[in-house]
Amino acid sequence: MSEFTEKDVEFMRLALEQARLAPALGEVPIAAVLVLNGQVVAQVHNYREAWQDPTAHAEIVAIREAATRLGTWRLTGATLYATVEPCSMCAGAIVQSRITRLVFGAKDPKAGACGSVFNIPAERRLNHRVQVVGGVLERESQELMQSFFRRLRDLGERAGLPAH
């Protein structure tokens, strides 16, 4: 994985701001910001619960929004900022959309597909590879996720629901 810049930190802060909005909709606080030529093209969080759509991960929603806004599915030259390491579905979409660079915050040791469990962006058999930078504002991303799930567990215990 490569080094990150001050601009990467700035855009990751935008992604974290977006992630903080997600719990109000019952969403896991994961967000993505897509940037092209220094301009934010999409800034979203997860919508799986709100839309009842298993594909409505922040990364997928950001890619769809950017493609619509730009009028092309080829997002060459773009950087996608994600607060958590993308899963295999999202990593595949990142490769398919020709995004040049992925910057993420926290690793996902259970489902991460950008180095943790799988490494789809670096797969040599695919026709496009993505430069990946991980660990940008990692602690902040981890704390956001941990506090969200801690709150869910606390609410479940107070309601007498079994722990998962």
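How far is the sulfur of Cys114 from the closest cysteine sulfur, and in which residue does that sulfur sit? The answer comes in the legend on the cysteines, after a look at the whole chain. Everything below refers to a predicted model.

**Figure 1. The whole chain, 5 helices and 5 strands.** Reading along the sequence, you go through α-β-β-α-α-β-α-β-β-α. The C-alpha atoms fit a box of roughly 50 × 30 × 30 Å along the principal axes. The radius of gyration is 16 Å, which agrees with the value near 15 Å for a compact globule of 164 residues. Of those 164 residues, 46% are buried. If you take contacts between residues at least 6 apart in sequence, 58% of them join residues at least 24 apart.

**Figure 2. Close-up of the cysteines, with 0 disulfides in the count.** Here is the answer to the opening question: the sulfur of Cys114 is 8.6 Å from the closest cysteine sulfur, which belongs to Cys87, and that is too far for a bond. Cys90 is in no disulfide either, with the sulfur of Cys87 as its nearest cysteine sulfur at 3.8 Å. The cut-off for a disulfide is 2.5 Å between the sulfur atoms, so the 3.8 Å for Cys90 and Cys87 doesn't qualify. As for solvent, Cys90 counts as buried at 0% relative accessibility, and Cys114 is buried too, with a relative accessible area of 2%.

**Figure 3. Helix H1, residues 6-21, and the cap at its N-terminal end.** H1 has 16 residues and runs 24 Å from its first C-alpha to its last, close to the expected 22 Å. At the N-terminal end, Thr5 does the capping: one of its side-chain oxygens lies 3.3 Å from the backbone nitrogen of Lys7. Which residues of H1 are buried? They are Asp8, Val9, Phe11, Met12, Ala15, Leu16, Gln18 and Ala19. To read a list like that, keep in mind that an α-helix has 3.6 residues a turn, so residues three or four places apart point the same way.

**Figure 4. Aromatic rings, with 3 pairs in the count.** Two numbers describe a pair of aromatic rings, namely the distance of the centres and the angle of the planes. Phe11 and Tyr81 make a tilted pair, 5.4 Å centre to centre with 40° between the planes. Phe11 comes from helix H1 and Tyr81 from strand S3 (residues 79-84), so this pair ties together parts that are 70 residues apart in sequence. Both partners are out of the solvent: Phe11 counts as buried at 6% relative accessibility, and Tyr81 counts as buried at 3%. Tyr47 and Trp51 form a stacked pair, because their ring centres are 4.5 Å apart and their planes are at 10°. Trp51 is partly exposed, with 46% relative accessibility.

**Figure 5. Helix H3, residues 58-70, and what it packs against.** The 13 residues of H3 should span 18 Å at 1.5 Å a residue, and the end C-alpha atoms are indeed 18 Å apart. Its buried residues are Ala58, Glu59, Ile60, Val61, Ala62, Ile63, Ala66 and Ala67. What do these buried residues pack against? Their partners are strands S1 (31-36) and S2 (39-45), helix H2 (48-51), strand S3 and helix H4 (88-96). Right after H3 comes Gly71, with a positive phi near 75°.

**Figure 6. Asn37 and Gln52, two non-glycine residues with positive phi.** Most residues other than glycine have a negative phi, and that's the reason for this close-up. Asn37 has a phi of about 55° and is found in the loop between S1 and S2. Gln52 has a phi of about 50° and is found in the loop between H2 and H3. Buried or exposed? Asn37 is exposed, with a relative accessible area of 71%, and Gln52 is exposed as well, at 63%.

**Figure 7. Ser141 and its surroundings.** Ser141 lies in helix H5, residues 138-158. With a relative accessible area of 1%, Ser141 is buried. Leaving aside residues up to four places away in sequence, Ser141 touches Leu16, Thr83, Gly105 and Ala106. Leu16 is one of the buried residues of H1 from Figure 3.

Technical notes. Residues numbered from 1 in each chain as written. Predicted model: local features only at pLDDT ≥ 70, side-chain atom pairs only at ≥ 80, totals over all residues. Heavy atoms only, no water. Helix = DSSP H or I, 4+ residues; strand = E, 2+ residues; numbered from the N terminus. Expected span 1.5 Å × (residues − 1). Buried < 20%, exposed > 50% of the residue type's maximum accessible area, 1.4 Å probe, protein only. Polar contact = N/O pair within 3.5 Å; in protein donor to acceptor, adjacent residues only side chain to side chain. Phe/Tyr/Trp six-rings, centres within 6.5 Å; stacked < 30°, edge-to-face > 60°. Rg over C-alpha atoms; globule rule 2.2 N^0.38 Å. Contact = heavy atoms within 4.5 Å.
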